[in-house]
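Please open the model in a viewer and keep the selection panel at hand. The stops below proceed from helix packing to the sheets and then to the ligand.

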Amino acid sequence: MTTVEKTTTGLTLAAVCLRFGDGDSTVLALDDVNLDVRRGELVAIVGPSGAGKSSLLAVAGGLARTSSGSVVIDGADVTAMPARALAELRRDKIGFVFQSGNLIPALTARDQLRLVAKITGRPGRAADELLDSVGMSHRADRRPGQLSGGERQRVGIARALMSNPSLLLVDEPTAALDRKRSHEVVELLSRETHEAGVATIMVTHDHDVLGHCDRILEMVDGRLRQSE
Ligand SMILES: Nc1ncnc2c1ncn2[C@@H]1O[C@H](COP(=O)(O)OP(=O)(O)O)[C@@H](O)[C@H]1O
Ligand SMILES: [Mg+2]
């Protein structure tokens, strides 16, 4: 494995605001958010529903444009980057993991990973090795319908890591899992974050798994603060 400079900043959000709507119906989903996540660091974000957690991931991952403030990913300011360049940067530098795993029903676990290499046009990590590292090599030939929720989530994480991303954005990965599986999935995220030197943000409602995280932040009404 290549050694990654752990002090390199993976993600910086500076004075980020995100506003939806206009006039009377304006919602300030992100209100002056400042955040640095270094590579090799797992940051958890907790907070009530509607607080702006998914909005934060969308902005951090270049899926939504800020209303003001800036977003820097792996040294590149993406705030005003043209759409095409941003799409390429997302493809090459960012892994997304969603609650359901978002796997393609017709593909085996191994082919979910191989598809990433095809799309990016780069070999990326070896699919079988990566499946092994998430404890899924014995399920490599199974399709999502033949996997449990925890197994699907593991494949989703492996797929997100396939392109060696700088930044991993994870939204409620344990929402559908029991306690034991939840711990396993977040332990896995923690290990991969540290070993592969990824800057990881995980949004979660699950206070049970916060012990695996390096830093815990709380989001309330679009504002980010240190968790007590
Ligand atoms: N596309 C959108 N259009 C309008 N309002 C939105 C949109 N997406 C989110 N919001 C609003 O922004 C706020 C933050 O939402 P969200 O980021 O999804 O919160 P969380 O993930 O913490 O539940 C909420 O008030 C939500 O209703
Ligand atoms: Mg959300």
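Axes here are lines fitted to C-alpha atoms, for helices over the stretch in contact, and angles run from 0 to 180 degrees between N-to-C directions. Helices (H or I, at least four residues) and strands (E, at least two) are DSSP runs, numbered from the N terminus. The model is predicted: local features need pLDDT of at least 70 and side-chain atom pairs count only at pLDDT 80 or more, while totals for chains, interfaces and linings use all residues. Residues are numbered from 1 along each chain as its sequence is written, and chains are lettered from A and ligands numbered from 1 in the order in which they are written.

**Helix packing**

Select helix H3 (residues 109-120) together with H5; their axes come within 9 Å and cross at roughly 20°. H3 and H5 are therefore roughly parallel to each other (angles under 35 degrees count as roughly parallel, over 145 as roughly antiparallel, 65 to 115 as roughly perpendicular and the rest as oblique). Ala-109, Gln-112, Leu-113 and Val-116 of H3 meet Val-155, Ala-158 and Arg-159 of H5, contact being defined by C-beta atoms, placed from the backbone, that lie within 7 Å. By class, this contact has five nonpolar, one polar and one charged residues. Ala, Val, Leu, Ile, Met, Phe, Trp, Tyr, Cys and Pro count as nonpolar, Asp, Glu, Lys and Arg as charged, and the others, Gly among them, as polar.

Keep helix H5 (residues 149-161) and add helix H6 (residues 179-196): the axes come within 10 Å and cross at roughly 15°. H5 and H6 are therefore roughly parallel to each other. Among the residues in contact are Gln-153, Ile-157 and Leu-161 of H5, and Val-185, Leu-188 and Glu-192 of H6. The full contact divides into six nonpolar, three polar and four charged residues.

**The six-stranded sheet**

H5 also lies across S6 and S7, running at about 170° to S6. These strands belong to an open, mixed sheet of six, ordered S6-S7-S8-S3-S9-S10. Its edges are strand S6 (94-97) and strand S10 (223-226), each of which pairs on one side only; two strands pair if DSSP finds at least two bridges between them. Neighbouring strands are turned by 20° against each other on average, direction ignored. At one edge, four bridges join strand S9 (residues 215-220) to S10 in the antiparallel sense, and Glu-218 stands opposite Arg-225 in S10. Next, display H1, which packs on this sheet and touches S3, S7, S8 and S9.

**The four-stranded sheet**

Which strands form the antiparallel sheet, and in what order? It is an open sheet of four strands, S2-S1-S4-S5, with strand S2 (27-38) and strand S5 (76-77) at the edges. Strand S1 (residues 9-20) runs antiparallel to S2 and is joined to S2 by eight bridges; Phe-20 stands opposite Val-27 in S2. On the S4 side, S1 pairs over five bridges, and Thr-12 stands opposite Val-72. Six residues separate the strands in the hairpin of S1 and S2, where Gly-21 takes a positive phi near 75°.

**Ligand 1**

Finally, centre on ligand 1. The residues around ligand 1 include Phe-20, Gly-21, Val-27, Ala-29, Gly-47 and Lys-53, the criterion being a C-beta atom, placed from the backbone, within 6 Å of the molecule. S2 and helix H1 (53-60) each give two or more residues to this shell, and H1 supplies the largest share, three residues. The shell has four nonpolar, seven polar and one charged residues.

Definitions and conventions: Two residues are in contact if their C-beta atoms, placed from the backbone, lie within 7 Å.
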